[in-house]
Amino acid sequence: MIELTPIFNAMLGAEIPFEKFSKDTRVTFFTGAGISAESGIPTFRSTGGLWSKYDPVKLASPEGFNENPQLVLDWYAWRRDAIRLADPNPAHLSITKFQKLFHDSAVITQNVDSLHSRAGNNSVLELHGNIFRERCNNCGEENGLNSDERTKIRYCHCGGMLRPDVVWFGETLENQKLEQAFELTGACQIFFSLGTSTQVYPAAQLPFYAKEHGAYTIEINTERTPFSNHTDLFIKDAAGHALPNLYEEFYAAVS
Ligand code: BV8
Ligand code: ZN
């Protein structure tokens with residue numbers, strides 16, 4: 001395992017086995033809240049993150065919603081307003097460039113903020129849903145968010161309450177999405193783990209699964225994570241700085 005800090009970024013090219021890769025290499029990008037940090041969107045567990053101010057059980061769990069739906073709806077409306085003011089940052093934008101270089105690539109994100117799609121990334125799998133959609137808490141029927149009524153408690157035709165279409169703690173992820181995530185991870189030759197604390201399961205299994213299935217793994221994070229001792233290359237840097245640099249290295253090597 002090689003650890004590079006920003007000072008050694010220049011030596012980046014020396015560490016990666018570029019000779020193994022070509023434009024046909026299958027690449028998977030796995031991302032967490034850290035990739036949106038440079039867009040101004042707070043993460044959950046970094047210093048000053050959302051969970052340092054709010055109780056996740058009260059705000060991101062079915063129990064919390066049933067106990068105080070208005071509080072949860074207000075919190076998600078506040079987060080949507082913050083996200084609307086944010087733009088994709090160089091990390092999101094460099095994935096679009098990577099996907100032009102490696103045509104067989106996909107993005108698996110834990111984020112619910114739509115910034116990957118807004119950056120032009122394709123094949124984006126939103127494991128934890130999307131904050132700009134709502135679904136019925138009872139029958140699960142999805143519907144887009146009617147923004148002027150965004151914080152009112154509203155009901156589905158079946159009588160169930162409408163809630164953000166995201167996966168809360170204690171809720172299972174959509175099976176089909178999870179299977180697709182493991183398939184993309186098991187089949188890729190390069191796996192990027194970008195801006196995730198690698199603590200929330202089952203998503204946090206993916207980097208380890210990639211490693212077990214023979215992918216060359218690159219982790220970019222401003223802090224070390226439980227995966228950092230397992231990854232082939234750990235770059236201690238902001239994703240918005242390191243990923244565009246990495247793109248230049250890969251472009252020079254495989255284009
Ligand atoms: C489930 C809602 C079946 C959406 C979220 C005990 C052991 C293991 C598992 C469990 C357990 N007890 C319960 C569980 C299961 C639980 C879990 O994993 N809990 C953990 C916390 C222990 N998981 C679940 O409940 C999942 N469902 O398992 O169902 C089941 C059911 C019942 C019981 C057992 C199993 C559902 C998980 C989804 C929860 N939903 N949020 C929303 O509102 O957004 S959680 C939240 O965490 C988000 O979804 C987020 O996507 C996810 C992961 O967080 P990260 O994205 O990694 O963000 P974080 O802030 O943590 O880290 C940011 C990182 O970026 C940091 O490392 C930081 O250093 C770095 N960074 C910062 N700036 C930058 C940067 N990196 C690069 N550049 C920068 N500029
Ligand atoms: Zn319903």
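Start with the lining of the largest cavity in this predicted model: its residues split into three nonpolar, five polar and two charged. To see them, select Thr109, Asn111, Val112, Asp113, Ser114, Leu115, His116, Ser117, Val124 and Glu126. Two elements, α7 (115–118) and β4, each give two or more residues to that lining. Color α7 on its own and you have the largest share, three residues. The volume enclosed is about 40 Å³, and the count of cavities of 30 Å³ or more comes to one.

Stay with the lining and pick Ser114. Ser114 sits in the loop between β3 and α7, and its phi is near 65°, a positive value in a residue other than glycine. Most residues other than glycine have a negative phi. Is Ser114 buried or exposed? At 16% relative accessibility, Ser114 falls under the 20% cut-off and so counts as buried.

Now hop to Ser123, in the loop between α7 and β4. Ser123 also has a positive phi, near 50°. Its relative accessibility is 48%, so Ser123 counts as partly exposed.

Next stop: α8, residues 175–187. This helix has 13 residues and runs 18 Å from first C-alpha to last, close to the 18 Å expected at 1.5 Å a residue. Show the side chains of Lys177, Leu178, Ala181, Phe182, Leu184 and Thr185, which are buried. Turn the view so you look down the axis of α8: those buried residues fall within an arc of 160°, so they line one face of the helix. A reminder that helps here: an α-helix has 3.6 residues a turn, so residues three or four places apart point the same way. On the face turned away from the buried side, pick out the exposed residues Asn175, Gln176, Glu179 and Glu183.

What covers the buried residues of α8? Switch on β2 (27–31), β3 (105–109), β4 (124–126), β5 (129–136), β8 (190–194) and α9 (205–212), which are among the covering elements.

Keep β8 on screen and select Phe191, which lies in that strand. Phe191 is buried, with a relative accessible area of 0%. Setting aside residues up to four places away in sequence, Phe191 touches Thr28, Phe30, Thr185, Leu206, Pro207, Ala210, Ala215, Tyr216, Thr217 and Ile218. Thr185 in that list is one of the buried residues of α8 you just looked at. For a distance label, try Phe191 to Arg26: 165 residues apart in sequence, but 8.8 Å apart in space, C-alpha to C-alpha.

From β8, follow the chain into the loop between β8 and α9, where you'll find Pro202. Zoom in on the peptide bond from Tyr201 to Pro202: it is cis, with omega near 0°. Most peptide bonds are trans.

Last stop: α6, residues 90–101. Here 12 residues reach 16 Å from first C-alpha to last, close to the 16 Å expected at 1.5 Å a residue. Select Ala91, His92, Ser94, Ile95, Thr96, Phe98, Gln99 and Leu101 to see buried residues of α6. Which elements cover them? They include β2, β3, α7, β8 and α10 (239–254). Leave α7 highlighted and you can swing back to the cavity where you began, since α7 gives the lining three residues.

Conventions: Residues are numbered from 1 along each chain as its sequence is written. Chains are lettered from A and ligands numbered from 1 in the order in which they are written. This is a predicted model: local features need pLDDT of at least 70, side-chain atom pairs count only at pLDDT 80 or more; totals for chains, interfaces and linings use all residues. Side-chain values use heavy atoms; hydrogens and water are left out. Helices (H or I, at least four residues) and strands (E, at least two) are DSSP runs, numbered from the N terminus. The expected span of a helix is 1.5 Å times one less than its number of residues. Buried means under 20% relative accessible area, exposed over 50%, partly exposed in between (1.4 Å probe, protein chains only). The arc is that of the directions from the helix axis to the C-beta atoms. Contact means heavy atoms within 4.5 Å. On a 1 Å grid over the protein atoms alone, a cavity is a set of points where a 1.4 Å probe fits but cannot get out, and a pocket is an open set with protein on both sides within 12 Å along at least five of seven lines; lining residues have an atom within 4 Å of a point. Grid points are joined across faces, edges and corners, and a volume is the space filled by probe spheres set on the points. Ala, Val, Leu, Ile, Met, Phe, Trp, Tyr, Cys and Pro count as nonpolar, Asp, Glu, Lys and Arg as charged, and the others, Gly among them, as polar.
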